[in-house]
Amino acid sequence: NLPGKVALITGSTSGIGLSVAKKLASQGVHIGLNGFAKPEEVTVIRREIEDQYKVKTFYHGADLKEGPQVKSMMQETSKALGSVDILVNNAGIQYIEQAVNFPEQKFNDIIAINLTAAFLTTKYALPQMLDKNWGRIINIASVHGLVASVNKCAYVAAKHGIVGLTKATALEVAKTGITINAVCPGWVMTKLIEIQIQQRADQYKISFEDAQIKLLEEKQPSVTPVSTDQLGDLITFLCSNSASQIKGSTYTMDGGWTAQ
Ligand code: NAD
């Protein structure tokens, strides 16, 4: 059911988002990209996807902190590729500090990027999906949408928020051909967590590799990271017709993190 559909994946210039973009492209889906990257990097990503999967791509560099830029990304993506059938709200940032010292601007930025932007893209995408009575919205939350860790108050608040947004919006369109779900990964080895690994390496004076194991051991019982490929496969499944009755769910892929 996917060939010829149009997907917009926020934060798709690296990590999970880029992997999801490639997976959906491999199913014949035209790809709207977003995220920060140098123009030459964007060119390489677009060329690779277009050449390998023979689909169209479009890039919009919206800073998702800025509401008007989110709106123009939605408008320009549908102008370039056609109306958005699949929306993956993936962009996210992290900042680690205890609440008493947490910079207020950072808190607001995390809520804006990790939560408010997903509300805005959903608001602008839903009318297009309702017109076709088909749509998939997948919100990349986190295990931190279900449980907390210390020193991550803004991230945990935003991720719990996006789980709530997922449920509320899924219910509003439950009778239609649109599904809205959240995915909650545990540790995935991307740029987002490199800083956290390096901090442990510095703190315990150990190698980056040993610090990575230490990080996994703290929370993820499998002591194995989730791969971006595995997440791409889960998201592709959620886009399929087989998943049409999965509505307002939160799918964990966390090596057992939240089973504890
Ligand atoms: P990443 O840093 O590799 O990717 C983040 C993407 O978001 C990049 O493309 C970046 O350019 C983009 N981005 C950041 N700020 C932006 C802004 N203001 N406007 C537009 N784009 C912006 O990280 P990742 O690990 O691939 O993270 C993707 C998502 O997965 C995030 O929502 C993150 O919270 C979530 N997640 C990651 C992990 C993990 O262990 N890596 C675990 C659970 C959830």
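**Group meeting talk: rings, sheet and helices in a predicted model**

Let me start with a small group of side chains: Y95, F102 and F107 come together as one aromatic cluster. Before I go on, please keep in mind that this is a predicted model.

So, how many aromatic pairs does the count come to? The answer is 3 aromatic pairs. In one of them, the ring centres of F102 and F107 are 6.2 Å apart and the planes meet at 85°, so this pair is edge-to-face. F102 is buried, at 9% relative accessible area, while F107 is partly exposed at 29%.

Another pair is made by two tryptophans. W187 and W257 have ring centres 5.3 Å apart and planes at 50°, so I call that pair tilted. Have a look at where these two residues come from. W187 is in the loop between β6 (178-185) and α6 (191-204), and W257 is in the segment after β7 (250-253), so the pair ties together parts that are 70 residues apart in sequence. Are these tryptophans buried or exposed? W187 is buried, with a relative accessible area of 7%, and W257 is buried too, at 6%.

While we are on rings, there are a couple of lysines to show you. K5 places its charged end over the ring of W134, 4.4 Å from the ring centre. Over at Y204, the face of the ring has K214 lying over it, at 4.5 Å from the centre.

Now let's step back to the whole chain. It holds 8 helices and 7 strands. Its radius of gyration is 18 Å, close to the 18 Å that the globule rule gives for 260 residues, so the chain is as compact as a globular protein of that length. If you like box dimensions, the C-alpha trace spans about 55 × 40 × 35 Å along its principal axes. Of the 260 residues, 49% are buried. And if you take the contacts with a separation of 6 or more, 72% of them are between residues 24 or more positions apart.

On to the sheet. In what order do the strands sit? Reading across, you get β3-β2-β1-β4-β5-β6-β7, an open sheet of 7 strands with parallel pairing. The edges are taken by β3 (57-60) and β7, each with a single partner strand, so one side of each has no neighbour in the sheet. From one strand to the next, the twist averages 15°.

I'd like to spend a moment on β5, residues 135-140. Strand β4 (residues 86-89) is joined to β5 by 4 bridges, and the two run parallel. One bridge to pick out on your screens is L87, whose partner in β5 is I137. Towards β6, there are 6 bridges from β5, again in a parallel arrangement, and here N139 stands opposite A182.

How many residues of β5 are buried? It is 6 of its 6, so the strand is mostly covered. Side chains go both ways: G135, I137 and N139 point to one side, R136, I138 and I140 point to the other, and all of them are buried.

What about the helices packed on this sheet? Helix α2 (residues 39-53) touches β2 (30-34) and β3, and its direction makes about 160° with that of β3. Helix α5 (residues 153-172) lies across β5, β6 and β7, at about 160° to β6.

Within α2, let me point you to I45. This isoleucine is buried, at 12% relative accessible area. Leaving aside neighbours within four places in sequence, I45 is in contact with T13, L18 and L33. Its C-alpha atom is 9.6 Å from that of S12, a residue 33 places away along the chain.

I'll finish with two backbone details for anyone who enjoys a Ramachandran plot. In the loop between α2 and β3 you will find K54, with phi near 55°, a positive value in a residue other than glycine. K54 is exposed, at 68% relative accessibility. In the loop between β5 and α5 there is N151, where phi is near 65°, again positive in a residue other than glycine. N151 counts as partly exposed, at 34%.

Thanks, everyone, and I'm happy to take questions.

Terms used:
Residues are numbered from 1 along each chain as its sequence is written. This is a predicted model: local features need pLDDT of at least 70, side-chain atom pairs count only at pLDDT 80 or more; totals for chains, interfaces and linings use all residues. Side-chain values use heavy atoms; hydrogens and water are left out. Rings of Phe, Tyr and Trp (its six-membered ring) pair if their centres lie within 6.5 Å; planes under 30 degrees apart count as stacked, over 60 as edge-to-face and the rest as tilted. Buried means under 20% relative accessible area, exposed over 50%, partly exposed in between (1.4 Å probe, protein chains only). A charge sits over a ring if NZ of Lys or CZ of Arg is within 6 Å of the ring centre and within 35 degrees of the ring normal. Two strands pair if DSSP finds at least two bridges between them. Axes are lines fitted to C-alpha atoms, for helices over the stretch in contact, and angles run from 0 to 180 degrees between N-to-C directions. Contact means heavy atoms within 4.5 Å. The radius of gyration is taken over C-alpha atoms; the globule rule is 2.2 Å times the number of residues to the power 0.38.
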